[in-house]
Amino acid sequence: MQKSISFDGREIRLRLGELAPQAGGSVLVSCGDTAVLVTATRGTAREGVDFLPLMVEYEERLYAAGRIPGGFLRREGRPPEKVILTSRLIDRPLRPLIPDWLREDIQVVATTLSLDEEVPPDILAILGASLAVATAGIPFMGPMAAVRVGLLGDEFIINPTYAEIEAGDLDLVVAGSPQGVVMVECRANQLPEQDMIEAIDFGHEAIQELIRAQQDLLAEMGITLTVPPAPEPPADLVALVEATAAADIQAVLDQTIADKQQRNQALDETKAKVTAALEALPEEDPRRQATASDPKLVDVLFKALTKKLMRRHVLETGIRVDGRKVDEVRPIHCEVGILPRRVHGSALFQRGSTQILSAVTLGTPGDAQELADDLHPEEEKRYLHHYNFPPYSVGEARPLRAPSRREIGHGALAERALVPVLPSKDEFPYVLRVVSEVLSSNGSTSMGSVCGSTLALMDAGVPLKRPVSGVAMGLIKEGDQVQVLTDIQDIEDFLGDMDFKVAGTDTGITALQMDMKIPGLDVATLGRAIHQAKAGRLFILEKMLAALAAPRSTLSPYAPRLLTLKIDPELIGVVIGPGGKTIRGITEETGAKVDIEEDGTVTISAADEERAQKAYRIIDGMTRKLNEGDVYAGRVTRIIPIGAFVEILPGKEGMIHISQLAEHRVGKVEDVVSVGDEVIVRVREIDSRGRINLTRLGIHPDEAASARQRSRIN
């Protein structure tokens, strides 16, 4: 079946069920020359699974852009970071719309088959995921769709091109369902809160058109989206759990225990009472048999009871499990310079029992990350933010593996939050890597990473435009009762309805990420959360600046020293030399590393200032344009019968003919100058072959003094 949707002046073409016919549902979504194939398949249930086994995979084929992969194998391998982040972008709005009680494997695979740089594929993939799941017969509270919102000048635009995203001040993805907004992802250039709310509302309104188009299409196909009722546990078993545990759980909530481990221990002891009560029943009792056949049933029922009581407690009292008010931030502790010696900048940020250590490394332009094997037009990154979440941070012991999707996603979120305030490459040519180590976790570690990394960058002497802080917001919604929570902890994340991360400066928002556990939320409530988050962010920022008020004025002595100069691009070959001989010689002589870009920007890095300056003088001398009449203080390098060669700039020599050595007639060059002598010379002529002819005649004493002064400075 082939259909088209007209949206925002573009045609979105759909081919449903024609490709990948053995998948449960499939759709080829095309717009312009971008085409994404999305499939959804429902497998069989697995024993012992107590979660929704939804797998969402996004894949890019480099043939989509007419390219052959790099590397020895010349084929796609481990997914690049951008691909992993796009997988998460599709997963996050889809997951809350599929009943979490399903236990069958569900796999959604989106593959970009063709790329048009005017149409990024991720938004099409989200639309395709909705249609693929709907046509696969999977229980689904959709349809859902997403749009990207950009900001050019004062105008919001829908689904901007890559170039418009790069040029604008906003890159916002809004996903929604018929019930409301279900996911937000954003990078912004310090956008004021009210402008951000308007952007989300603008995107949400646009989404409704795509949802209606899908509803019409599904009706035409005779498909009705239904969600069967969740399986009900035995009522008498539910009653036993409530009778045994409700009072003790409520007592834990009433005690407002701030310590996570102490609270968890109290809840575990209560759950143990439930287990003991079940074991005391006769073996033939149906309640004991039900838990014997499903050992995780007690955990499920206990969690459901805890969730009900915790949510009711917050809605009725306005007091949270740790005793805080709904808009209160946990106690904050900040330290800078916590790591010694060779670490270029470091900071410790702690909020409650969430503790983050961030470390900064300043690198040279050659350390930038090349982005070669994905379809995104960006070629390199000069700011890298990596986030590590080791098992000890939550008191667990498990094998360490490669970074998880979650770790990659949280690192990317912190990166987005800080990129808008970084100095430009011209102002600060270093490549920056920040690593955030989660030492202890009780919610909001990604926003803790933003705060700790801001302090670490300032400790490293990076001249940030403004410091950034972040806070995670939560939500509890029961019917018309709504409570927005500031600075949520683990239990409020697990048992609540929303995880909404907001990062920004004192003037505006730099990053958002919102995930829902309910099928949608109205924009008004999101706006309330954004405004409440601002107060939390500013409170946190005040505590941060008390530890370090501004970036340090000097870099760590262990950071490389960088100097930059601009040369004529036509002279790049002169600096490199045949087969790289000249640039290797500079490196060997000075110990400095030299990076040259196509536009003629030369960056020199060395362990100390003296080595960098030496390399700078050599390259500057080799490439500086000389003018006839300029006066220099040079040094005699060699003598021949007809004159003397003088190095007037590092690597640049001219010759004084014997007739130009003195006012009187010179019989022998050695009678006037010797090798190693300093001489003041004027550029008399640069011939057609680039040879420099010098003279010592007619130089005023003031010109000589000025030349000597410049020589000492250089």
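Modeller: Before reading any hairpin, hold on to one rule, namely that two strands pair if DSSP finds at least two bridges between them. Strands themselves are DSSP runs of E with at least two residues, while helices are runs of H or I with at least four residues, and both are numbered from the N terminus. This is a predicted model, in which local features need pLDDT of at least 70 and side-chain atom pairs count only at pLDDT 80 or more, although totals for chains, interfaces and linings use all residues. Residues are numbered from 1 along each chain as its sequence is written, and side-chain values use heavy atoms, with hydrogens and water left out.

Biologist: How many helices and strands does the protein chain have?

Modeller: There are 16 helices and 29 strands in the protein chain, and its C-alpha trace spans about 125 × 60 × 45 Å along the principal axes. A residue is called buried when its relative accessible area is under 20%, exposed when it is over 50%, and partly exposed in between, using a 1.4 Å probe and protein chains only. By that rule, 52% of the 714 residues in the protein chain are buried.

Biologist: Which strands does β10 pair with, and in what sense?

Modeller: Strand β9 (residues 170–177) runs antiparallel to β10 and is joined to it by 8 bridges, with aspartate 171 having arginine 187 of β10 as its bridge partner. These two strands form a hairpin with 2 residues between them. Strand β21 (residues 509–516) is also antiparallel to β10, through 6 bridges, and here cysteine 186 stands opposite leucine 512 of β21. As for its surroundings, β10 (residues 180–191) is mostly covered, since 10 of its 12 residues are buried.

Biologist: Is glutamine 179, in the loop between β9 and β10, buried or partly exposed?

Modeller: With 43% relative accessibility, glutamine 179 counts as partly exposed. To read its contacts, remember that contact means heavy atoms within 4.5 Å. Once neighbours within four places in sequence are set aside, glutamine 179 is in contact with Leu97, Met141, Pro519, Gly520 and Leu521.

Biologist: Where else can I see a hairpin, and what does glycine 32 do there?

Modeller: Look at β3 (residues 25–31) and β4 (residues 34–45), which pair in the antiparallel sense over 7 bridges; glycine 25 has alanine 40 of β4 as its bridge partner. The hairpin has 2 residues between the strands, and glycine 32 takes a positive phi near 60°. Strand β4 also pairs in the antiparallel sense with β6 (residues 104–114), over 9 bridges, where valine 36 is matched with threonine 112 of β6.

Biologist: In what order do strands close into a barrel?

Modeller: The barrel has 5 strands in the order β25-β26-β27-β29-β28, and the pairing is mixed. From one strand to the next the twist averages 55°, where axes are lines fitted to C-alpha atoms, for helices over the stretch in contact, and angles run from 0 to 180 degrees between N-to-C directions. Within this barrel, β25 (residues 631–640) and β28 (residues 678–686) pair in the antiparallel sense over 5 bridges, and glycine 634 stands opposite valine 679 of β28.

Biologist: How should I read a helix, and where is the kink in α5 centred?

Modeller: An α-helix has 3.6 residues a turn, so residues three or four places apart point the same way. Helix α5 (residues 235–255) has 21 residues and reaches 29 Å from its first C-alpha to its last, close to the 30 Å expected at 1.5 Å a residue, that expected span being 1.5 Å times one less than the number of residues. A kink of about 45° is centred on alanine 245, the bend at a residue being the angle between axes fitted to the seven residues ending there and the seven starting there. The buried residues of α5, among them Leu237, Leu240 and Ala245, pack against α6 (260–279), α7 (286–293) and α8 (297–317).

Biologist: At what angle do α5 and α7 pack?

Modeller: Two packed helices are described by the angle between their axes and the distance between the axes. Helices α5 and α7 pack at about 90°, with their axes 9 Å apart. That makes α5 roughly perpendicular to α7, because angles of 65 to 115 degrees count as roughly perpendicular, while those under 35 are roughly parallel, those over 145 roughly antiparallel and the rest oblique. Asp236, Leu237 and Leu240 in α5 meet Arg287, Ala290 and Thr291 in α7.
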